[in-house]
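Me: I would like a close look at one part of this molecule, namely the strand at the centre of your explanation and whatever lies beside it. Please go slowly and explain each term as it comes up.

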Amino acid sequence: MSRHLFVSLDGPKGAGKTTLLEAMTKVLRADNKKVIRLCEKKSDPYRGETMALVNRLARNPSLDLEWEVCQRFADSRTWISQHVLTKQPSDSIILMDRWYPSDAAFRRMVPFAEILQLNIERNVRTPDLHVGVVTAPDISWARAAARPRGLSSSVIHKLEEHIACTKAFEREIANHDWVLCRNEGTIEAATMQVVSEIYRVLGCPIDIGFAGRASGTCRQ
C-alpha cells in the first residue's frame, strides 16, 4: 500500500463494534497486515469539554445546542485527521472505533446531510471504507444492558430511543451506500464480511478458509 487504509466502524450502542474490531485485528494481523487500532474518544484532546456540552444537551435539548455539539465533534475530528491519522505508517490499515457516521445515530434534530457537510468543510478525513454495524434493536439493547458498564450513554436512556437511533442509522447506511454489517450471527461471519470488504478496497484476491481465516495478496 502506498498510503494507509482508513476504515471506520460506527453504529448504535451494543451492536458489537468493539468485539468485531478485536476479531478483525486478529485476522488481519494473522495475515501479516499492519493494523492500527484507534478510538475517536481516546484520540480526542477536547473530549472532556465536548462531553460536558453533550450532557448539557441531554438535560436541555435544543437545535442550537445540538448544532454546537456537532461542530465540536467535527473540530475534534479535524484535529485527529491532522495530528493522529497523518502520523500512522503508510502501509497500515487503520481501524477507527466511531467517526462522523455515528452522528447519524445519536443526533436527533440536525439533519445528517448538514452534519456530513460540516465535517467535509472542516476537512475531516473521509474513511476509505465506512462500515455500519447494527443488530435488531432489542438484541443490541440487551447486549448493552448486560455489559458491566451498562448502556453508558448520555443521550439514549429508553428502548424506544434506541429503536429510533437504530432506524436512523440504518437509513443513512442505505442513503450513503456504506457497508452494512448486521452483527446478529456469529462474530466469525461478521469478521469475514468486513475483512473481505477491506481486501476488496485494497485490491487483494481473497481466500477464506473453512476455519474462517482470510488471506489476501494486495496490489502495491
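Reply: Leucine 38 stands opposite methionine 96 in strand E3. Before going further, please keep in mind that this is a predicted model, in which local features need pLDDT of at least 70 and side-chain atom pairs count only at pLDDT 80 or more, while totals for chains, interfaces and linings use all residues. Residues are numbered from 1 along each chain as its sequence is written, and side-chain values use heavy atoms, with hydrogens and water left out.

Helices (H or I, at least four residues) and strands (E, at least two) are DSSP runs, numbered from the N terminus. Strand E2 covers residues 34-39 and strand E3 residues 92-97, and the two run parallel, joined by six bridges. Two strands are said to pair if DSSP finds at least two bridges between them.

Strand E3 also pairs with strand E1, again in the parallel sense, over five bridges. Within this pairing, leucine 5 has isoleucine 93 of E3 as its bridge partner, while phenylalanine 6 is matched with isoleucine 94.

How much of E3 is covered? Six of its six residues are buried, so the strand is largely enclosed by the rest of the structure; here, buried means under 20% relative accessible area, exposed over 50%, and partly exposed in between, computed with a 1.4 Å probe on protein chains only. In a regular strand the side chains alternate between the two faces of the sheet. In E3, Ser92, Ile94 and Met96 point one way, whereas Ile93, Leu95 and Asp97 point the other way, and all are buried.

The neighbouring strand E1, made of residues 5-10, is likewise mostly covered, with six of its six residues buried. Leu5, Val7 and Leu9 lie on one side and Phe6, Ser8 and Asp10 on the other, and both faces are covered. E1 also runs parallel to E4, to which four bridges join it, and serine 8 stands opposite histidine 130 there.

Close to the start of this E1 and E4 story we should look at aspartate 128, which is found in the loop between helix H6 (112-121) and strand E4 (129-134). Aspartate 128 is partly exposed, with a relative accessible area of 29%. Although aspartate 128 and leucine 5 are 123 residues apart along the chain, their C-alpha atoms are separated by 6.3 Å. Not counting residues up to four places away in sequence, aspartate 128 touches Arg3, His4, Leu5, Phe6 and Val201, where contact means heavy atoms within 4.5 Å. A polar atom of the aspartate 128 side chain also lies 2.7 Å from the backbone nitrogen of phenylalanine 6.

Now consider what joins the ends of E2 and E3 to their surroundings. Side chains of opposite charge can pair when their charged atoms come close. A salt bridge is a side-chain nitrogen of Lys or Arg within 4 Å of a carboxyl oxygen of Asp or Glu. Lysine 34 forms such a bridge with aspartate 91, the closest N and O atoms being 3.2 Å apart. Lysine 34 lies in strand E2 and aspartate 91 in the loop between helix H4 (63-83) and strand E3, so the pair ties together parts that are 57 residues apart in sequence. Lysine 34 is partly exposed, with a relative accessible area of 39%, and aspartate 91 is partly exposed too, at 35%. A search of the whole structure finds twelve salt bridges.

Finally, what is unusual to notice in the loop that lies between E3 and helix H5 (103-106), where arginine 98 has its place? The phi of arginine 98 is near 80°, a positive value in a residue other than glycine. Arginine 98 is buried, with a relative accessible area of 17%. Aspartate 177, in the loop between H8 and E5, has a positive phi of about 60° although it is not a glycine, but aspartate 177 is exposed, with a relative accessible area of 69%.

Technical notes. Polar contact = N/O pair within 3.5 Å; in protein donor to acceptor, adjacent residues only side chain to side chain.
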